[in-house]
Amino acid sequence: FTYQENIVPYSRAELAQKVAANLSESRFQHCLRVEETAIKLAELNHADVERAAIAGLVHDYAKQLPDEVFIEAIHEAGFDPELLQYGNAIWHGVVGAYFIERDLGIHDETILNAVRRHTIGAPEMTVIDQILFVADFIEPGRDFPGVVQARETAFADLAAGVRFEILNTLTFLIEGQKKIYPKTIDTYNAWVPTQA
Ligand code: GDP
Ligand code: FE
Ligand code: FE
Ligand code: FE
């Protein structure tokens, strides 16, 4: 895959190398599979393939930064202090976009927003947001109860794939008695219920 536009100040190979340098081998391989899945979903949905691919490649760039680095960024860069009550699962997307802009020279808001929303979604999601959100969930390395149905649903209808993922993830978090980030509930309320 070769970049045609100047969205990133690097070639695809240079960008992949920068992402790889910040991640374990297995996490980097996940990013490559999300990139590949995002390209497929973008082609199917007549969306911007290059932005989908870049978002997929970089989306977990910040996943393995130490908590202290996120905590300092939340304090220093004007993030909502409520984020301090959560952890890496929430931070690596919402705050991770800040590190991606700083370290990878990506200033494209379509890509940065998709990264910000890739874990918790949002009530309103662009097609690129939806593609990254779903690609992360169904990439070929994923194996969880329901993944086959998640893939079938998402490849048939992207928005239906988003709804399936939100319901599945929230159900799993509640069953595990995890703390739910309020924006995750806002996402659920906007996408899943068919009536009040
Ligand atoms: P990954 O980075 O590729 O592993 O995938 P994601 O970024 O989509 O998700 C990271 C983790 O965050 C997953 O285990 C999700 O289940 C979890 N997660 C999503 N929403 C919430 C939330 O509201 N609260 C908590 N505690 N975890 C969440
Ligand atoms: Fe992630
Ligand atoms: Fe996700
Ligand atoms: Fe991911």
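This note goes through a predicted model of a chain with iron ions, from the overall fold to single residues.

1. Fold. The chain is built from 11 helices and has zero strands. Read from the N terminus, the elements therefore run α-α-α-α-α-α-α-α-α-α-α, and the radius of gyration is 16 Å, close to the 16 Å that the globule rule gives for 196 residues, so the chain is as compact as a globular protein of that length. The C-alpha trace spans about 45 × 40 × 30 Å along its principal axes.

2. Packing and surface. Of the 196 residues in the chain, 46% are buried. Taking contacts between residues at least 6 apart in sequence, 63% join residues at least 24 apart. The accessible surface is about 9,800 Å², and carbon and sulfur atoms account for 50% of that surface.

3. Charge. There are 16 positive and 29 negative side chains in the chain. The centres of these two sets lie 3 Å apart.

4. The iron ion (ligand 4). Which residues are the protein donors of this ion? They are His30 and His59, each through NE2, and Asp60 and Asp136, each through OD, lying 2.2 Å from the ion. Along the chain these donors follow the spacing H-x28-H-D-x75-D. Asp60 and Asp136 link distant parts of the chain, 76 residues apart: Asp60 is in the loop between helix H3 (49-58) and helix H4 (67-76), whereas Asp136 is in helix H8 (residues 127-138). Asp60 has a relative accessible area of 2% and is buried. Asp136 is also buried, at 10%.

5. The iron ion (ligand 2). The protein donors here are Asp60 (OD), His92 (NE2) and His118 (NE2), at 2.0 to 2.2 Å from the ion. In sequence the donor residues are spaced D-x31-H-x25-H. The pair His92 and His118 again links distant parts of the chain, 26 residues apart, with His92 in helix H5 (residues 88-94) and His118 in the loop between helix H7 (109-116) and H8. Are these two histidines buried or exposed? His92 counts as buried at 3% relative accessibility, and His118 is buried with a relative accessible area of 2%.

6. How the ions are placed. The iron ion (ligand 4) and the iron ion (ligand 2) are 3.5 Å apart, and Asp60 coordinates both. A further iron ion (ligand 3) is 5.5 Å from the iron ion (ligand 2).

7. Thr37. This residue is in helix H2 (residues 25-44). Its relative accessibility is 4%, under the 20% limit, so Thr37 counts as buried. Leaving out residues up to four places away in sequence, Thr37 touches Ala135, Ile138, Glu139, Pro140 and Phe155.

8. Positive phi. Most residues other than glycine have a negative phi. Which value does His46 have, although it is not a glycine? Its phi is positive, about 50°. His46 lies in the loop between H2 and H3, and is exposed, with a relative accessible area of 75%. Gln177, likewise a residue other than glycine, has a positive phi near 55°. Gln177 is found in the loop between helix H10 (158-175) and helix H11 (182-191). With a relative accessible area of 74%, Gln177 is exposed.

Definitions and conventions:
Residues are numbered from 1 along each chain as its sequence is written. Chains are lettered from A and ligands numbered from 1 in the order in which they are written. This is a predicted model: local features need pLDDT of at least 70, side-chain atom pairs count only at pLDDT 80 or more; totals for chains, interfaces and linings use all residues. Side-chain values use heavy atoms; hydrogens and water are left out. Helices (H or I, at least four residues) and strands (E, at least two) are DSSP runs, numbered from the N terminus. The radius of gyration is taken over C-alpha atoms; the globule rule is 2.2 Å times the number of residues to the power 0.38. Buried means under 20% relative accessible area, exposed over 50%, partly exposed in between (1.4 Å probe, protein chains only). Contact means heavy atoms within 4.5 Å. Accessible areas come from the Shrake-Rupley method with a 1.4 Å probe; for residues, only the protein chains shown count as cover. Lys and Arg count as positive and Asp and Glu as negative; His and the chain ends are not counted. The place of a charge is taken as NZ of Lys, CZ of Arg, CG of Asp or CD of Glu. Donors are N, O and S atoms within 2.8 Å of the metal (3.2 Å for Na, K and Ca); water is not among the atoms, so sites may look incomplete.
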